[in-house]
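I wanted a closer look at this chain, so I opened the model and kept notes as I went.

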Amino acid sequence: YLSFLRFKLNFDPMALEGIVDIKDEYFPTGLYTFTREDVFVDGGAWDGDTIRAIKEVTDNNFSKVFAFEPSPDAFMNLSEKHANDSRVTLVNKGLHNKTTTLKFDDFGSTASRLSTTGTTEVPVTTIDEIVQNDRVSYIKLNIEGAEYCAIEGGRSTIKKYKHEWNSEMLFNKMKEIFNTKMPITEWFNEEGIDEEEIKKKV
């Protein structure tokens, strides 16, 4: 109870560490059938918790992970744990809809985020620019409100492989995105992506 109260008061995800299972949160049973050819995008890689979950749910059989983490300290920790895995591409940048530099609030936790009032600056890039021709099969985003911009920056990748992600790719916080007036739903309709089918999966 106290951990949940701390989370509600301070919006500190670290308060839920050990309570919320990353594997169940991002890879719920029955959502997707994993194969050794899978290519993952991990937006908000933090210390590699999602990479560890990927290795668990795939029995360590997968093709590649693109792991994005803008926080310098978190990225150092991430690199120490996963730099020796040739399947993991580590990117010390945030995800957005263009390549630029943006202000960032680094709280030293998973609550760190891009912010117009941020006290530091970090480079950001797009899914399309980094992934390019890799056949992405699963995207996980937990980037504290920048999910929509990251999806915009992955439009070409999503459009190219929409037949695979149409009902199987998981976007963290997608429910919140669908419940806003953001034009992403209009874009989904234009591209023939089934919004209702995705809603069932999140």
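**Notes on one aspartate and its surroundings**

I started with Asp47, which counts as buried because its relative accessibility is 13%, under the 20% cut-off for that label. I should say right away that this is a predicted model.

**Where Asp47 sits.** I find Asp47 in the loop between E1 and H3. Leaving out residues up to four places away in sequence, I listed what Asp47 touches: Arg52, Asn77, Leu78, Lys81 and His82. I also looked at the backbone next door: a polar atom of the Asp47 side chain lies 3.2 Å from the backbone nitrogen of Asp49.

**Its salt bridge.** Which residue forms a salt bridge with Asp47 at 3.4 Å? I found Lys81, going by the closest N and O atoms. I then checked how the two sit in the chain: Asp47 is in the loop between strand E1 (39-43) and helix H3 (49-57), Lys81 is in helix H4 (residues 72-82), and the pair, 34 residues apart, links distant parts of the chain. Is Lys81 buried or partly exposed? I noted it as partly exposed, because its relative accessibility is 43%. I also see a network of salt bridges that links Asp47, Arg52 and Lys81.

**A second link, Asp85 to Lys55.** Next I looked up Asp85, whose side chain meets that of Lys55 in a salt bridge, 3.1 Å from N to O. Asp85 lies in the loop between H4 and strand E3 (88-91) and Lys55 lies in helix H3, so this pair ties together parts that are 30 residues apart in sequence. Asp85 goes down as buried because its relative accessible area is 12%. Lys55, at 24%, counts as partly exposed. Asp85 also forms a salt bridge with Arg87, with the closest N and O atoms 2.9 Å apart. How many salt bridges does the structure hold? I have six written down.

**Helix H3.** Since H3 kept coming up, I listed its buried residues: Asp49, Thr50, Ile51, Ala53 and Ile54. What do they pack against? My list reads helix H2 (22-26), E1, strand E2 (64-68), H4, E3 and E8. Just after H3 I noticed Asp59, which takes a positive phi of about 55°.

**Strands E1 and E8.** I then followed E1 to E8: the two pair in the parallel sense over four bridges. For Gly43, the bridge partner in E8 is Leu141. Side chains in a regular strand alternate between the two faces of the sheet, and I used that to read E8. On strand E8 (residues 138-141), Tyr138 and Lys140 are on one side, with Ile139 and Leu141 on the other. I wrote down that these residues are all buried, and that both faces of E8 are covered.

**The whole chain.** To finish, I pulled the overall numbers. The secondary structure comes to eleven helices and eight strands. There are 202 residues in the chain, and 45% of them count as buried. Of the contacts with a separation of 6 or more, 67% come from residues 24 or more positions apart. The chain exposes about 10,400 Å², and carbon and sulfur atoms supply 48% of that area.

Conventions:
Residues numbered from 1 in each chain as written. Predicted model: local features only at pLDDT ≥ 70, side-chain atom pairs only at ≥ 80, totals over all residues. Heavy atoms only, no water. Salt bridge = Lys/Arg side-chain N within 4 Å of Asp/Glu carboxyl O. Buried < 20%, exposed > 50% of the residue type's maximum accessible area, 1.4 Å probe, protein only. Contact = heavy atoms within 4.5 Å. Areas by Shrake-Rupley, 256 points an atom, 1.4 Å probe, with all protein chains shown as cover. Pairing = 2+ DSSP bridges. Polar contact = N/O pair within 3.5 Å; in protein donor to acceptor, adjacent residues only side chain to side chain.
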